Amino acid sequence: VSDKEKIDQLQEELLRTQLKYQRMLERLEKENKELRKLVLQRDDKGIHQRKLKKSLIDMYSEVLDILSDYDASYNTQDHLPRVVVVGDQSAGKTSVLEMIAQARMFPRGSGEMMTRSPVKVTLSEGPHHVALFKDSSREFDLTKEEDLAALRNEIEIRMRNSVKEGCTVSTETISLSVKGPGLQRMVLVDLPGVISTVTSGMAPDTKETIFSISKAYMQNPNAIILCIQDGSVDAERSIVTDLVSQMDPQGKRTIFVLTKVDLAEKNVASPSRIQQIIEGKLFPMKALGYFAVVTGKGNSSESIESIKEYEEEFFQNSKLLKTSMLKAHQVTTKNLSLAVSDCFWKMVRESVEQQADAFKATRFNLETEWKNNYPRLRELDRNELFEKAKNEILDEVISLTQVTPKHWEEILQKTLWERVSTHVIENIYLPAAQTMNSGTFNTTVDIKLKQWTDKQLPNKAVEVAWETLQEEFSRFMTEQKGKEHDDIFDKLKQAVKEESIKRHKWNERAEDSLRVIQHNALEDRSISDKQQWDAAIHFMEETLQSRLKDTESVIEDMVGPDWKKRWLYWIGRTKEQNIRNETKNELEKLIKCNEDHAAYLANDEVTTVRKNLEARGVTVDPCLIKDTWHQIYRRYFLKTALNHCNLCRRGFYYYQRHFVDSELECNDIVLFWRIQRMLAITANTLRQQLTNTEVRRLEKNVKEVLEDFAEDNEKKVKLLTGKRVQLAEDL
């Protein structure tokens with residue numbers, strides 16, 4: 001008997017000592033909490049003049065949010081740790097979560113399903129006890145009852161909104177952050193309670209949906225499973241323990257929590273049954289740790305403080321502790337939250353280290369591949385390459401401003417003349433030159449020049465200027481810069497060039513001002529010196545020589561090769577070419593007989609030529625005669641005009657005297673001088689417009705295109721491609 005008394009005395013003394021140290025520890029924690037709150041408040045006010053870094057748990061939670069947004073259905077496992085709270089419906093899951101968060105912030109109901117979607121709660125330390133949603137800036141003060149009521153209402157609304165029509169639960173996660181002094185840092189996910197029967201008002205697939213959501217979260221190998229068991233009901237009625245056993249058969253990441261222990265102690269006939277549950281001997285489910293907690297008396301208006309006091313008071317007087325059925329470290333939500341937090345961070349560290357090792361190995365392989373393939377290049381990802389290309393393109397656009405005025409004017413004048421020379425020769429010069437006297441020549445020229453300037457010339461000039469700007473811009477964009485050229489930018493540069501040109505609109509008023517300038521330039525007939533006169537003759541000779549060469553080529557195609565080519569290259573004429581050649585010889589005789597012949601053949605002349613050819617056995621169509629005559633006369637006329645050019649070299653003196661008392665008339669030289677001067681003035685005007693306005697506007701367009709492309713990731717992926725880009729992206 002004395003030994004039994006001694007054992008009882010020692011147990012009571014041990015319990016008193018444990019409770020004494022527990023109270024001391026709580027007092028110190030409370031003081032520490034107040035001190036940390038003061039420090040955090042001072043940091044908030046900037047007293048320490050240092051910027052608070054974002055806490056590790058907040059950053060970790062943001063990563064989980066991003067992954068959740070990326071894959072709301074949780075099909076792609078990210079394998080990052082989080083505490084998954086599972087339990088039967090009304091087992092007290094949410095109450096345990098509230099005790100850990102130290103706030104009664106979740107909707108509650110008696111027996112009905114309240115958690116209709118996963119709720120992710122990120123707990124972290126802060127000076128004020130507040131809660132906020134990830135997509136909202138409003139802070140709910142958890143020390144004020146009206147804010148708590150508003151938060152509960154908001155969670156309930158969000159849950160109901162997330163549930164699709166015809167469903168009872170949702171897979172969409174509601175993300176909530178809770179901060180406060182003394183809170184254990186961790187990420188918890190509260191899941192809908194597991195049910196055994198679908199009741200009226202529920203969707204038929206509710207039970208299966210809850211099972212699939214729970215399994216999806218629990219099958220993450222790094223998830224900590226907080227298994228909540230209602231202590232007030234028979235353990236055999238629990239469904240969740242079997243589910244947890246399937247997902248974690250070894251119990252390496254499961255923490256078992258028995259709730260409502262106060263009711264269990266009253267109702268259970270044998271207290272040793274509770275001991276069996278806490279020791280993990282009652283059912284086959286294994287766990288890392290076992291905890292017994294009390295989360296209130298069932299009154300929804302109770303505060304967290306009153307629940308904590310009730311829990312402490314219950315365990316102080318509980319037979320379960322006094323008889324050593326439960327150990328002191330296995331009771332209270334305080335000890336539970338410390339154990340869960342410790343387990344969570346251990347899991348985070350291990351999983352992040354594993355992932356880091358995997359990343360290091362992958363990175364080493366990628367770096368080795370990069371060094372072997374691109375030893376002289378710095379690894380730039382797609383965005384960095386785009387920035388580099390952007391700077392190159394802007395430098396190339398700026399190069400347009402460095403083009404000399406002389407180069408602009410030369411290329412503009414040359415291109416414009418190539419574009420309008422056919423019209424000038426065929427529609428202005430030749431019709432006027434075939435008139436009988438100088439008065440008619442000048443009148444014809446003036447009328448045709450006026451019509452041309454009013455209708456076509458300014459538009460052609462602007463077209464030429466725009467095309468010249470495009471060509472110069474393209475030349476700078478596509479020009480290879482020797483060893484520095486990087487062909488990875490070619491597609492991007494091409495796309496930027498095309499889009500910039502597409503967006504560029506030439507100044508609409510340019511044609512009107514150009515028309516006036518060109519009209520005034522063509523009105524001027526006063527050649528001031530012999531140098532200008534000689535330049536006009538040279539210009540006319542070059543133009544006529546070019547036309548004569550083209551005409552000779554056409555005649556050669558018509559009549560076939562001459563005797564020399566036939567002998568040297570062993571080629572003969574076709575039947576049609578023989579007919580053309582005979583016609584040509586007959587027409588040349590006609591011109592020799594009458595050197596002042598008009599440009600067109602009369603009908604009787606066509607008949608004469610046809611009969612002469614028929615007499616030699618050559619049958620010819622009148623249309624073929626006229627067609628051949630056109631080329632033969634054109635060649636004759638151009639040769640005559642070139643001879644006239646040569647004669648006019650000494651005609652400047654007569655020009656100054658207005659060709660008075662002179663048989664020599666050089667009005668065609670004056671025409672070509674007018675054309676040449678108009679080309680020079682037009683080129684100068686267009687060059688000014690290009691350098692002063694259009695180049696700058698094009699540069700602005702290029703910048704806008706680059707800004708648009710910078711925001712369009714699909715565009716960048718499409719335009720910056722290849723093994724090098726992909727390897728840098730992977731790195």
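Student: In this predicted model, is Trp417 buried or exposed, and at what relative accessibility?

Tutor: Residues count as buried when their relative accessible area is under 20%. Trp417 meets that criterion, so it is classed as buried, and its relative accessibility is 14%.

Student: Which class of aromatic pair do Trp417 and Phe539 form?

Tutor: By the ring-pair rule the model holds 13 aromatic pairs. One of them joins Trp417 and Phe539, whose rings lie 4.9 Å apart, centre to centre, with 55 degrees between the planes. Planes under 30 degrees apart count as stacked and those over 60 as edge-to-face, with the rest called tilted, so the class of the pair of Trp417 and Phe539 is tilted.

Student: How many residues apart in sequence are the parts that the pair of Trp417 and Phe539 ties together?

Tutor: Trp417 belongs to helix H13 (residues 405-433), whereas Phe539 belongs to helix H18 (residues 530-559). Phe539 is itself buried, with a relative accessible area of 9%. Because the two rings sit in these two helices, the parts they tie together are separated in sequence by 122 residues.

Student: What class of pair do the rings of Tyr429 and Phe672 form?

Tutor: The ring centres of Tyr429 and Phe672 are 5.3 Å apart and their planes stand at 70 degrees, and since planes over 60 degrees apart fall in the last of the three classes, the pair is edge-to-face.

Student: Which helices does the pair of Tyr429 and Phe672 link?

Tutor: Tyr429 is buried at 1% relative accessibility, and Phe672 is likewise buried at 1%. The two residues are 243 residues apart, so that the pair links distant parts of the chain, namely helix H13 and helix H24.

Student: Which residues do ring pairs link into a cluster?

Tutor: The residues of both pairs discussed above belong to this cluster. Its full membership, linked by ring pairs, is Trp417, Tyr429, Phe539, Trp629, Tyr633, Tyr636, Phe637 and Phe672.

Student: Turning to the surface, where does Asp712 of the negative patch lie?

Tutor: Glu704, Glu707, Glu711, Asp712 and Glu714 form the negative surface patch, and helix H24 (residues 667-711) contributes its largest share, three residues. Asp712 is partly exposed, with a relative accessible area of 31%, and its place is in the loop between H24 and helix H25 (713-719).

Student: Which elements give two or more residues to the positive patch?

Tutor: Lys491, Lys502, Lys715 and Lys718 gather in this patch of positive charge on the surface. Among them, Lys715 lies in helix H25 and counts as partly exposed at 30% relative accessibility. The elements that give two or more residues are helix H16 (490-503) and H25.

Terms used:
Residues are numbered from 1 along each chain as its sequence is written. This is a predicted model: local features need pLDDT of at least 70, side-chain atom pairs count only at pLDDT 80 or more; totals for chains, interfaces and linings use all residues. Side-chain values use heavy atoms; hydrogens and water are left out. Patches are made of residues with over 30% relative accessible area and no salt bridge: like charges are joined within 9 Å, nonpolar side chains (Val, Leu, Ile, Met, Phe, Trp, Tyr) within 5 Å. Accessible areas come from the Shrake-Rupley method with a 1.4 Å probe; for residues, only the protein chains shown count as cover. A salt bridge is a side-chain nitrogen of Lys or Arg within 4 Å of a carboxyl oxygen of Asp or Glu. Lys and Arg count as positive and Asp and Glu as negative; His and the chain ends are not counted. The place of a charge is taken as NZ of Lys, CZ of Arg, CG of Asp or CD of Glu. Helices (H or I, at least four residues) and strands (E, at least two) are DSSP runs, numbered from the N terminus. Buried means under 20% relative accessible area, exposed over 50%, partly exposed in between (1.4 Å probe, protein chains only). Rings of Phe, Tyr and Trp (its six-membered ring) pair if their centres lie within 6.5 Å; planes under 30 degrees apart count as stacked, over 60 as edge-to-face and the rest as tilted.
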